[in-house]
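Thanks for coming. I will walk through one structure this morning, starting with its ligands and then going on to its empty spaces.

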Amino acid sequence: MLPLPSRITVLAGGVGGARFLSAVRAWARVHRPDAEITAIVNTGDDMWHVGLRITPDLDSIMYALAGVNDTERGWGRVGETERVSAELREWGAGWPWFTLGDLDLGAHIARSAWLREGVPLSSIVPRLTSRWDLGVRLLPATDDEVETWVRIDDPESEAGAVERVVHFQEWWTRYRATVVTHGFERRGLAGAAPAPGVLDAIENADVVLLAPSNPVVSIGTILDIPGIHAALQSTPAPVVGISPIIGGAVVRGMADACLDVIGVPTSAAAVARLLGARGMGNDGVLDAWLVDEVDADAVPALEAEGIRSAAVPLWLRDEPTGVQLVADALELAGR
Ligand code: GDP
Ligand code: CA
């Protein structure tokens with residue numbers, strides 16, 4: 001058993017990341033109120049749109065931890081209106097299938113104004129989040145513009161298969177990931193660097209947790225930022241992942257579509273193998289991996305492959321189940 005960790009670093013995407021970070025914060029309030037929780041957040045879904053820089057995963061986490069998120073709809077701000085988007089549609093600006101809420105646009109306008117003044121994203125995030133006591137420090141994975149783009153057969157083409165590269169947001173929201181898809185591109189990756197504080201948060205953590213986020217476009221993008229994968233391989237902290245896949249299906253969202261694109265089966269064990277074991281010459285990042293109880297039969301094989309594993313309830317239903325899941329992850333980390 002390790003002593004209860006006081007420096008907890010979490011790699012996170014949007015909605016799954018937000019739910020898990022709420023659980024980590026709830027665990028800390030009960031067991032370790034002085035814990036410093038740092039989230040390294042995916043920025044691969046970010047984009048410029050109608051002149052504004054949109055950062056979906058950072059915002060999902062900020063709104064959820066602040067308690068101003070729309071829990072019914074599952075994204076965006078509660079009490080949101082869409083007057084500006086309706087007006088943009090009348091002007092023919094932006095995408096007709098993509099709506100931004102008015103309150104949400106306030107954050108995008110502030111962020112974009114500061115970016116244009118030369119303020120890096122990692123300094124803008126604390127300005128935005130300082131409005132609330134989140135209990136979690138949010139770090140963008142990188143200050144550089146690294147974006148996930150998707151190579152598809154253009155469904156609008158009438159002349160047979162014509163390849164087109166679209167932003168992840170268009171693939172996901174407009175096409176619901178149902179078009180013929182050839183692969184992902186990470187634009188801007190070459191020359192990108194981790195944001196200030198990211199490597200330090202990994203190297204000096206007591207434990208690193210991988211949230212049950214999209215393993216391809218959330219966790220995968222963070223790991224691809226030059227330097228982050230290496231930091232996870234060399235940190236003295238144990239690295240524990242939580243499966244976003246339960247019983248061969250995603251819990252929420254469409255991560256299975258992303259796994260299909262890279263040819264990885266939608267299973268808890270396959271995602272663990274994608275992330276890989278670390279140490280002893282292995283080139284992955286995991287010491288340990290939590291699967292759901294329904295996937296308990298995957299545990300012996302993963303253990304034989306060098307990934308310490310355990311089967312526990314992985315549905316983040318409410319605060320008690322979240323606190324228990326984090327306790328289970330920390331127990332496995334110390335085993
Ligand atoms: P996005 O950026 O909003 O798509 O969100 P993330 O990348 O953080 O996470 C999406 C993933 O979270 C999906 O693949 C879901 O399967 C997973 N997820 C959401 N809720 C839960 C939950 O309660 N338990 C587990 N284990 N996974 C979850
Ligand atoms: Ca996302």
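A residue counts as near a molecule if one of its heavy atoms lies within 4 Å of it. With that in mind, and noting that this is a predicted model, look at ligand 1. It is surrounded by 21 residues. The closest are Pro212, Ser213, Ser218, Pro244 and Arg252.

Now some polar contacts of ligand 1. In the side chain of Arg252, an N or O atom is 2.4 Å from a nitrogen atom of ligand 1. The side chain of Ser218 has an N or O atom 2.7 Å from an oxygen atom of the ligand. Val251 takes part through its backbone: a polar backbone atom there is 2.9 Å from an oxygen atom of ligand 1.

Next, the calcium ion, which is ligand 2. Which residues supply its protein donors? They are Asp45, with one OD entry, and Asp57, with OD listed twice, at 2.1 to 2.7 Å from the ion. This pair links distant parts of the chain, 12 residues apart. Asp45 is in the loop between β2 (36-41) and β3 (47-49), while Asp57 belongs to helix α2, residues 56-66. Are these two residues buried or exposed? Both Asp45 and Asp57 are buried.

Let me move to the pockets, and to one of them in particular. The second largest pocket has a volume of about 180 Å³. Its lining consists of Arg186, Pro215, Val216, Gly220, Leu223, Asp224, His229, Ile262, Leu274 and Leu275. By class, that is six nonpolar, two polar and two charged residues. Two helices, α8 (219-224) and α11 (268-275), each give at least two residues to this lining. The largest share comes from α8, with three residues.

Then the closed spaces. How many cavities of 30 Å³ or more are there? The count comes to three, and I will describe two.

The largest cavity holds about 70 Å³ of space. Around it are His49, Val50, Ser85, Leu88, Arg89, Ala93, Gly94, Trp95, Phe98, Thr99 and Leu100. Helix α3, residues 83-91, provides the largest share of this lining, three residues. Six of the lining residues are nonpolar, four are polar and one is charged.

The second largest cavity has about 50 Å³. Thr55, Leu58, Asp59, Met62, Arg111, Val125, Leu128, Thr129 and Leu138 form its lining. Two elements, α2 and α5 (121-129), contribute two or more residues each. Helix α2 is also where the calcium donor Asp57 sits. The classes here are five nonpolar, two polar and two charged.

Last, two points on the backbone. Most residues other than glycine have a negative phi. Val50, which we met in the lining of the largest cavity, has a positive phi, near 40 degrees. Val50 lies in the loop between β3 and β4 (52-54). It is partly exposed, with a relative accessible area of 35%.

The other residue is Met280, where phi is also positive, near 50 degrees. Met280 is in the loop between β13 (278-279) and β14 (282-283). Why does Met280 count as exposed? Because its relative accessibility is 85%, and the cut-off for exposed is over 50%.

That is the end of my part.

Notes:
Residues numbered from 1 in each chain as written. Chains lettered and ligands numbered in written order. Predicted model: local features only at pLDDT ≥ 70, side-chain atom pairs only at ≥ 80, totals over all residues. Heavy atoms only, no water. Donors = N, O, S within 2.8 Å, 3.2 Å for Na, K, Ca; no water. Helix = DSSP H or I, 4+ residues; strand = E, 2+ residues; numbered from the N terminus. Buried < 20%, exposed > 50% of the residue type's maximum accessible area, 1.4 Å probe, protein only. 1 Å grid on protein atoms, 1.4 Å probe; cavity = no way out; pocket = protein on both sides within 12 Å on 5 of 7 lines; lining within 4 Å. Points joined across faces, edges and corners; volume = space filled by probe spheres on them. Nonpolar A, V, L, I, M, F, W, Y, C, P; charged D, E, K, R; others polar. Polar contact = N/O pair within 3.5 Å; in protein donor to acceptor, adjacent residues only side chain to side chain.
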